[in-house]
Amino acid sequence: MTKYSIIGSCVSRDILTVMKDKPVGTYIGRTSLAAIGSKPSTWAQSLPLEFTAKAHPWHHRMINADFQKTHEEMLAEMAGDFVLIDLIDERGGLIEYEPGHYVTYSEIMKMSNYARVTDRATIVGFTEAWAPHWYGALPRFASILRKHIPEDKIIIHHAYYADHSKIGTNANRHLERMYAEIQRLFPAAASIRASERNLQGDPDHRWGAAPYHYVPGYYEEMGEMLFSIAEGRSTGSGAIIAEPTVKKGRFAALRRLVALRG
């Protein structure tokens with residue numbers, strides 16, 4: 001069975017959740033690409049991680065990985081999988097604890113004692129002040145990823161905000177540039193992007209209303225594209241697949257999209 005791992009967010013995970021047999025491998029989420037490959041945080045090594053609210057074991061793993069920098073071990077777990085990359089979780093921003101070395105200022109980090117003890121200022125995501133830090137750290141991430149994942153196994157999921165507000169427009173402006181840079185670094189990777197008709201927020205989404213919680217048609221369309229790539233019907237070469245290249249009805253399991261509504 002084809003298996004997919006993720007370096008990204010719930011927008012990629014939710015595509016896989018509705019696919020038959022849930023073929024999800026390793027999932028690195030709530031993590032900026034800029035944080036992968038940084039030096040471990042020395043002060044965090046002696047501080048037990050605690051949460052202010054109930055946290056899933058996966059949350060613990062992500063925070064520990066971000067501070068202890070065990071991401072490369074997780075990338076090694078992805079060997080043989082297709083690896084789906086999206087950039088929605090870059091919205092949280094970064095904390096630079098040493099020059100050029102970062103942890104992700106994510107929602108789950110805010111729930112932990114680590115957020116309270118660090119004295120470093122947050123570099124807010126999707127801002128002009130943040131951009132040089134992210135782009136400057138990207139070659140380090142690319143080098144580590146190449147060690148473990150063949151380029152033809154990488155799928156870039158061009159996920160955007162389904163929001164035309166000032167915040168959404170700004171985020172999408174940054175995301176457009178960021179995806180282009182990822183594609184430049186991995187020119188043989190496949191790229192998938194939903195059609196405009198499905199780039200819509202769902203107010204009844206299982207995880208609540210947000211500009212990156214989409215209508216069911218989004219996940220169906222993207223799932224069809226993933227199957228196309230896995231079956232060899234579509235290849236990388238830098239082209240963005242904007243429509244499925246297989247016939248409708250091939251993916252009956254994806255019709256269970258009502259699951260995303262609760």
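Which residues are linked with Arg30 in a network of salt bridges?

## Salt bridges overall

Arg30 shares its network of salt bridges with Asp89 and Arg91. The model is predicted, and the count of salt bridges in this structure comes to twelve. Side chains of opposite charge can pair when their charged atoms come close. Three of the pairs are described below, followed by a serine in contact with Arg30.

## Asp81 and Lys3

Asp81 forms a salt bridge with Lys3, and the closest N and O atoms of the pair are 4.0 Å apart. The two residues are 78 residues apart and belong to distant parts of the chain. Asp81 sits in the loop between helix H3 (71–77) and strand S3 (82–85), while Lys3 is in the segment before strand S1 (4–8).

The partners also fall into separate classes of accessibility. Asp81 has a relative accessible area of 4% and is buried, because buried means under 20%. Lys3, with a relative accessible area of 39%, is partly exposed.

## Glu72 and Lys147

In the salt bridge between Glu72 and Lys147, the closest N and O atoms are 2.6 Å apart. This pair, too, links distant parts of the chain: Glu72 belongs to helix H3 and Lys147 to helix H6 (residues 131–148), with their positions 75 residues apart in the numbering.

Glu72 is partly exposed at a relative accessible area of 30%. Lys147 has a relative accessible area of 58%, so it counts as exposed, the cut-off being over 50%.

## Lys110 and Glu107

Lys110 pairs with Glu107 in a salt bridge whose closest N and O atoms are 3.1 Å apart. Both residues are in helix H4 (residues 107–110); because they are three residues apart there, about one helical turn separates them.

Both partners are partly exposed: Lys110 has a relative accessible area of 39%, and Glu107 has a relative accessibility of 48%.

## Ser106, before helix H4

Ser106 is located in the loop between strand S5 (101–104) and H4. Its relative accessible area is 7%, so Ser106 is buried. A polar atom of the Ser106 side chain lies 3.1 Å from the backbone nitrogen of Met109.

Which residues does Ser106 contact, leaving aside its neighbours within four places in sequence? They are Arg30 and Ile63. Arg30 is also part of the network of salt bridges with Asp89 and Arg91.

Methods: Residues numbered from 1 in each chain as written. Predicted model: local features only at pLDDT ≥ 70, side-chain atom pairs only at ≥ 80, totals over all residues. Heavy atoms only, no water. Salt bridge = Lys/Arg side-chain N within 4 Å of Asp/Glu carboxyl O. Helix = DSSP H or I, 4+ residues; strand = E, 2+ residues; numbered from the N terminus. Buried < 20%, exposed > 50% of the residue type's maximum accessible area, 1.4 Å probe, protein only. Polar contact = N/O pair within 3.5 Å; in protein donor to acceptor, adjacent residues only side chain to side chain. Contact = heavy atoms within 4.5 Å.
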